[in-house]
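Open the model in your viewer and keep the sequence panel beside it. The tour below goes from one selection to the next.

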Amino acid sequence: MATVRQYCDRLVSLSNLTLAFFDLILNAKTNDLGFHFLLFELIFEFSVFAFMLNFIREIVKDTEDVKGDILMNMKTLPILIGIKNTKIFIAFLSLILIIALTYFIISYLPFNTILFYYFIIFITLPLL
């Protein structure tokens, strides 16, 4: 069973949303509200990306440590549903992450810029 610390580690990526919400949304002036909502949306999307990436990494680590977890009588995802099903679940989560990242790249980044190619080459391709 995952400890409280492991659950907190998985939620760390979402902690910056609290700061963004209180600083950008609640303290925004009326004329700046649209810009602040856009910034909050970007921060939210990056936070979800970081959470999903960390979540996938933790599941992969649990899959690698399955022998020790069995000896310690732990109930991790690979033990409960099997390694093969866990790998399918990891592939499914990775596919969702890649689709969301591709949507972000197409929606927010101008085509034929350095940043566009950076996201494609150094972020999307390693996830594949």
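Is T76 buried or exposed, judging by its relative accessibility? The model is a predicted one. Select T76, in the loop between α4 (66-71) and α5 (77-81). T76 has 8% relative accessibility, so it counts as buried, the cut-off for buried being under 20%. Now show what surrounds T76: apart from neighbours within four places in sequence, T76 is in contact with D62 and D69.

Next, select helix α6, residues 83-108. Its 26 residues, at 1.5 Å a residue, should span 38 Å, and the end C-alpha atoms lie 37 Å apart, which agrees. Colour the buried residues of α6: T86, I90, L93, S94, L97, I98, L101, F104 and I105.

Keep α6 on screen and add helix α7, residues 114-127. How do the two axes cross? They come within 11 Å of each other and cross at roughly 175 degrees. Angles over 145 degrees count as roughly antiparallel, so α6 is roughly antiparallel to α7. To see the contact, select L97, I98, L101, T102, F104 and I105 on α6, together with F116, F119, I120, I123, T124 and L127 on α7. Of the residues in this contact, ten are nonpolar, two are polar and none is charged.

The next stop is the aromatic rings. A pair of rings is described by the distance of the centres and the angle of the planes. Rings count as a pair if their centres lie within 6.5 Å, and by this rule there are eight aromatic pairs. Start with F51 and F55: their ring centres are 5.9 Å apart and their planes are at 10 degrees, so this pair is stacked. Both residues belong to helix α3 (residues 33-64), where they are four residues apart, about one turn of the helix. F51 counts as partly exposed at 22% relative accessibility, and F55 counts as partly exposed at 24%.

Then move to Y118 and F122, whose ring centres are 5.4 Å apart with planes at 40 degrees, so the pair is tilted. Y118 and F122 are both in helix α7, four residues apart, about one turn of the helix. Which of the two classes applies to F122, buried or exposed? F122 counts as exposed, at 56% relative accessibility, while Y118 is partly exposed, with a relative accessible area of 43%.

For the last selection, show F46, F104, Y108, Y118, F119 and F122 together: ring pairs link these residues into a cluster. F104 and F119 also appear in the contact of α6 with α7.

Conventions
Residues numbered from 1 in each chain as written. Predicted model: local features only at pLDDT ≥ 70, side-chain atom pairs only at ≥ 80, totals over all residues. Heavy atoms only, no water. Axes fitted to C-alpha atoms, helices over the stretch in contact; angles between N-to-C directions. Helix = DSSP H or I, 4+ residues; strand = E, 2+ residues; numbered from the N terminus. Parallel < 35°, antiparallel > 145°, perpendicular 65-115°, else oblique. Contact = heavy atoms within 4.5 Å. Nonpolar A, V, L, I, M, F, W, Y, C, P; charged D, E, K, R; others polar. Buried < 20%, exposed > 50% of the residue type's maximum accessible area, 1.4 Å probe, protein only. Expected span 1.5 Å × (residues − 1). Phe/Tyr/Trp six-rings, centres within 6.5 Å; stacked < 30°, edge-to-face > 60°.
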